[in-house]
Amino acid sequence: MASASPAPIVCLLGPTASGKTAAALALAARAPIEIISMDSALVYREMDIGTAKPSAAELAAVPHHLIDIIDPADSYSAAQFVADTNALIDAIRARGREPLIVGGTMLYYKALTQGLNDLPQADPQVRAELDKLAEQRGWPALHAMLAEVDPVTAARLAPNDAQRIQRALEIHRLTGRPMSALLARQADARTFDGAAGARFRAIALEPSDRAVLHARIEARFDAMLASGLLDEVERLRARGDLHPGLPSIRCVGYRQVWEYLDGLCDFATMRERGIAATRQLCKRQLTWLRSTPERLVVDCLAPDYVDQVARLAQLGP
């Protein structure tokens with residue numbers, strides 16, 4: 001007799017400040033789970049305040065994975081996330097527990113549920129050329145260049161989203177084709193066995209009133225500043241081996257504080273830019289979520305949103 005198929009793996013998605021951590025910890029109190037972080041910033045050690053990393057008590061309350069796993073001088077890819085997560089899923093289930101994937105890095109979710117694309121690998125020479133051009137003209141100018149060759153990709157990126165603008169321009173230089181066209185072609189050619197709908201259950205925390213989330217973002221950034229974000233970035237700078245071109249320092253909040261410490265803006269401007277960048281991140285995350293038709297939406301502002309998530313997750317009684 002064939003064994004029953006395993007239950008779908010629950011993925012708790014949502015933009016920044018939507019309450020994912022609180023919901024995940026509430027689920028952990030109801031069922032034997034282990035949390036797999038799906039956050040491209042939480043992987044970095046020494047970066048706690050600006051990434052809104054779970055507290056020591058929260059990390060101790062339930063097993064967490066893929067947090068504090070690499071040095072800020074290194075990088076972590078979607079391919080590494082997929083490999084690590086698949087290994088963790090098997091290990092967690094072997095322990096008689098259920099994995100709960102939690103985060104807002106939608107590129108990781110797409111790679112996990114739909115497979116990795118075969119876009120060209122990073123080219124150090126092309127990236128160095130683009131970095132030099134950005135130093136001369138600024139990233140908004142490179143965003144305008146991207147809009148000429150790949151308007152679809154440019155339309156979903158903020159003018160200062162250096163990492164993604166660079167990658168899209170790099171791909172165009174290496175292939176002569178827009179990244180959006182290459183991804184669309186791969187999506188058309190790819191066939192699935194219902195993975196996103198069957199193997200995974202996506203629950204998305206989305207706000208019924210985005211203004212409330214914006215207010216949360218502002219309050220949280222101020223709380224980060226009050227908790228010592230400037231000191232945290234100062235310690236990173238003092239290492240001597242980090243610079244603004246690294247993915248870690250490009251993280252929202254860190255880039256703006258780094259610029260402030262470089263004397264490129266005053267404190268008030270840094271604060272405004274940090275809040276604005278976080279809101280832009282939130283907007284991008286919500287755009288990604290809207291393109292995820294299999295998701296089950298929960299209003300993260302509802303008083304009973306945690307109970308709603310628990311009912312949809314079906315992880316325990």
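## Helix α12 and the residue after it

In this predicted model, helix α12 is followed by G240, a residue whose phi is positive, near 90°. The helix itself spans residues 229–239, and its buried residues are L229, L230, E232, V233 and L236. Viewed down the axis of α12, these buried residues fall within an arc of 160°, so they line one face of the helix. An α-helix has 3.6 residues a turn, so residues three or four places apart point the same way.

The buried residues of α12 pack against three helices: α11 (210–226), α13 (254–261) and α14 (267–290). On the other side of α12, R235 and A238 are exposed.

## Positive phi outside glycine

A17 is not a glycine, yet its phi is positive, at about 70°. The residue is located in the loop that connects β1 (9–13) with α1 (20–28). Its relative accessibility is 14%; because the cut-off for a buried residue is under 20%, A17 counts as buried.

L66 likewise is not a glycine and has a positive phi, of about 65°. This leucine belongs to the loop between β3 (64–65) and α3 (78–94). With a relative accessible area of 8%, L66 is buried.

## The annotated binding site

The unreviewed UniProt entry carries a "binding site" annotation that covers G14, P15, T16, A17, S18, G19, K20 and T21. A17, described above for its positive phi of about 70°, is therefore one of the residues that the record includes in this annotation, and A17 is buried at 14% relative accessibility.

Two further residues of the annotated set, according to the record, are G19 and T21. G19 lies in the loop between β1 and α1. When neighbours within four places in sequence are left aside, G19 is in contact with L205, R216 and Y305. T21, by contrast, is found in helix α1. At 34% relative accessibility, T21 counts as partly exposed.

Key:
Residues are numbered from 1 along each chain as its sequence is written. This is a predicted model: local features need pLDDT of at least 70, side-chain atom pairs count only at pLDDT 80 or more; totals for chains, interfaces and linings use all residues. Side-chain values use heavy atoms; hydrogens and water are left out. Buried means under 20% relative accessible area, exposed over 50%, partly exposed in between (1.4 Å probe, protein chains only). Helices (H or I, at least four residues) and strands (E, at least two) are DSSP runs, numbered from the N terminus. The arc is that of the directions from the helix axis to the C-beta atoms. Contact means heavy atoms within 4.5 Å. UniProt positions are given in the numbering used here, feature names are shortened, and annotations may be inferred rather than shown by experiment.
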